[in-house]
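User: Could you take a close look at the charged side-chain pairs in this model, and describe how they are placed along the chain and how much solvent can reach them?

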Amino acid sequence: MKPPLIAFTMDQSPAADVRPFARGRELYFINAVYVRYLEGADCLPMALPTLLDHSRIPSLIAGIDGLLLTGGDDVYAGAYGEEVIPGQWRIDPPRTFFEIELIREALHQHKPLFGICRGCQMINVALGGSLWQDIASQAPGARQHRSPESPILTYHPAAIAAGSRLHAIVGRESLTVNSSHHQAIRKLAPQLQITAHAEDGIIEGIELPGEDFVLGVQWHPETMDEMSSSRALLEAFLASCRERSLAR
Ligand code: MN
């Protein structure tokens, strides 16, 4: 049987990016850890850059077996009807609108969806939820979810909800997860369920109840593949992708 074809979304530097590697060019890029994570399992990873023309999204989704929504720059707050709070953060509106369409079409075609960090937030936004634009300034009492020395990761416990798909996958009631985010889910989309949260109440995992694999985690399993839960998450996602492509 052919390994499942898994598209993963990408980060984008704006044309005016002053970071040395960009040199003013508009670039699509991805942290190689996502590629290593996928190629460590039985699947065919495929990079999917942000497309500005959304007309072929249905054909695109029809051609893949699963979609991995990766981490990256901030989700554009306008997508959930808020003014952007000015700050130091990079925001990616084209990617936000592209991913919203990808997610809706993937749901429509019952293709498995796995969201990591920003990807978890995107599933919530695409289904009508909202985000804390900046945990530190908007959610009083919340712990540090991102090291000031980013990209160094900080770690915290996450409680896993009994009866959830996530719980069935990791087989644990609590996990120590890494944390590298300054945004998080605020208002949960009506169809979604919370599957994990930090001690401060910040949402760390969500899923869509039912048959379809639609699951998001706020942490980065791709950078902690020494942990069995990270491997189990990817394997469960890929198992759903294989099942789904067999049923076609
Ligand atoms: Mn966290």
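Analyst: A salt bridge is taken here as a side-chain nitrogen of Lys or Arg within 4 Å of a carboxyl oxygen of Asp or Glu. The model is predicted, so local features need pLDDT of at least 70 and side-chain atom pairs count only at pLDDT 80 or more, while totals for chains, interfaces and linings use all residues. Residues are numbered from 1 along each chain as its sequence is written, and side-chain values use heavy atoms, with hydrogens and water left out.

Searching the whole structure gives 5 salt bridges. One of these pairs is formed by Glu99 and Arg118, whose closest N and O atoms are 3.3 Å apart. This pair links distant parts of the chain, with Glu99 in helix H3 and Arg118 in helix H4, 19 residues apart (helices are DSSP runs of H or I with at least four residues, strands are runs of E with at least two, and both are numbered from the N terminus). Glu99 is buried, and Arg118 is buried as well, where buried means under 20% relative accessible area, exposed over 50% and partly exposed in between, computed with a 1.4 Å probe on protein chains only. Glu99 and Arg118 also belong to a network of salt bridges that links them with Asp11 and Arg95.

A second pair joins the side chains of Arg90 and Asp73, with an N to O distance of 3.3 Å. Both Arg90 and Asp73 lie in the loop between S5 and H3, so their salt bridge ties together parts that are 17 residues apart in sequence. The two partners can be set side by side in their accessibility: Asp73 counts as buried because its relative accessibility is 9%, whereas Arg90, at 40%, counts as partly exposed.

The pair of Arg36 and Glu39 is arranged within one helix. Its closest N and O atoms are 2.7 Å apart, and both residues lie in helix H1, which covers residues 32-39, at a separation of 3 residues, or about one turn of the helix. Arg36 has a relative accessibility of 47% and therefore counts as partly exposed; Glu39, with a relative accessible area of 47%, is likewise partly exposed.

Taken together, these pairs include a link between helices H3 and H4, a contact inside the loop between S5 and H3, and a pairing within helix H1. As general background, side chains of opposite charge can pair when their charged atoms come close.
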